[in-house]
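This briefing covers the surroundings of the ligand, the build of one helix, and the confidence of the model. Please read it beside the sequence and the structure.

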Amino acid sequence: MVAFAQQRGRSATIGPRFDYWALTPAAAAICYPFLLRAFHAVVGTQAARPSPLAIVAATLVLAVAFVVPFLALAFACRLDAAPGARRLAYVGVASPTLFVFLGVVQALIHSPLPDELVWCVLWLVIASWSQTAGNPAAATQLAVGRWRMVHGMTAAVLCLYVAFHLANHLFGLIGPDAHAAVMGIGRVVYRSTVGEPLLVAAMLFQVGTGLILAWRWSAAPQGFHRTFQVASGMYLSLYILGHMNSVFIYARSFLNIPTDWNFAIGAPTGLIHDAWNIRLLPHYALGVFFVLSHLASGLRVVLVAHGASRCAANRFWGAGVSISAVISAAIIAGMCGVRIR
Ligand code: HEM
């Protein structure tokens, strides 16, 4: 089935063909900032408390904003898409994190243009490129084996940091003091003169190898699990670059502010009631969800390679994805003020 679709993917780009349907992820991404605006218009600032009806309406709008990356994921699964269209869909998955990245870059360069305007122009450019991109189906023939191995080995090391970092954020459910206390312990290692450069180098290496793999895998249609793995990796690569830009360049060098709990939750207004900060909510929620579910996807491949049945490996993956969603929701709840005592 996939081989048949690969064949179709190849022939699809031989003649001129304008695939309007394939532009859906770009159209959805263009709507994304306006959905966040609508959310803010309904919720308003903290001073004016929203009515229960407004809360239901705001929840629905936010849910639709969350649909944008998953709609793009569905389009990345299309078996008859041309490679450019598939890659457009993969970039669409990363919309929530790209919109944060754009906002931070805009602030860094003191851009007078509204984020939404720049966003729409960028998506129109990416969408046109996706229709004209050549067919790199031959790239699928290139070996991904050694890249997969080094990517997996670095991931195993980085897991230690990610596990600590996410556990640290879960302490936000107890309160900012507990979060700060745990962060203080971790910083002794990950912000040390040796630890920090190593961590940053490993993260950048992971992003580089991940993007190489994503580029190669995205040249041809894949099964659902592989597509999810590539899509989550795409999100993570852009998330990590944007997140490190926010932490190291924007906060620590440009604003000269500590990268603590208040920075993470966008204090004093917080994530929910600020027109800019609301974009951080899907960005963080999906960052946590995709880093954990990407690991589950990697482990699924390892299980299959070691003789586990596909059915058992898929069940393991499903459990991993569900746990990722629960952990993500718990961290975001803590960041939005939910406390467990
Ligand atoms: C809810 C989600 C997340 C939030 C709120 C968050 C927030 C933060 C904050 C506040 C810092 C500064 C830490 C410090 O000053 O000690 C930081 C650093 C960092 N985060 Fe995250 N993070 C999140 C998820 C992630 C994920 C999923 C990754 C990796 C995939 C990640 C990678 C990093 C890295 C590499 C650093 C730099 C560490 C350093 O200071 O040397 N973060 N993050």
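In this predicted model, 23 residues surround the ligand, and T259, A264, Y284, G287 and V291 are the ones that come nearest. By class, the shell around the ligand is made up of 15 nonpolar, five polar and three charged residues.

**Helices around the ligand**
- At least two residues of the shell are supplied by each of α7 (145-170), α8 (176-190), α9 (195-217), α10 (224-255), α11 (261-265) and α12 (280-305).
- Helix α10 contributes five residues, the largest share of the shell around the ligand.

**Helix α6**
- Spanning residues 115-132, α6 has 18 residues and reaches 26 Å from its first C-alpha to its last, which is close to the 26 Å expected at 1.5 Å a residue.
- Its buried residues are W119, W123, A127 and S130; seen down the axis of α6, the buried residues fall within an arc of 65°, so they line one face of the helix.
- The cover over the buried residues of α6 includes α2 (24-43), α4 (83-93) and α5 (95-108).
- On the face of α6 turned away from the buried side lie the exposed residues L117, V121, V125, W129 and T132.

**Confidence**
- The protein averages a pLDDT of 92, and 91% of the residues score at least 70.
- Over residues 1-15, however, the pLDDT is below 50, although this stretch has 25 contacts in the model beyond near neighbours in sequence.
- Where pLDDT is low, the predicted coordinates should not be read in detail.

Key: Residues numbered from 1 in each chain as written. Predicted model: local features only at pLDDT ≥ 70, side-chain atom pairs only at ≥ 80, totals over all residues. Near = placed C-beta within 6 Å. Helix = DSSP H or I, 4+ residues; strand = E, 2+ residues; numbered from the N terminus. Nonpolar A, V, L, I, M, F, W, Y, C, P; charged D, E, K, R; others polar. Expected span 1.5 Å × (residues − 1). Buried ≥ 20, exposed ≤ 12 C-beta atoms within 10 Å, placed from the backbone. Arc of directions from axis to C-beta. Contact = placed C-beta atoms within 7 Å. pLDDT = per-residue confidence, 0-100.
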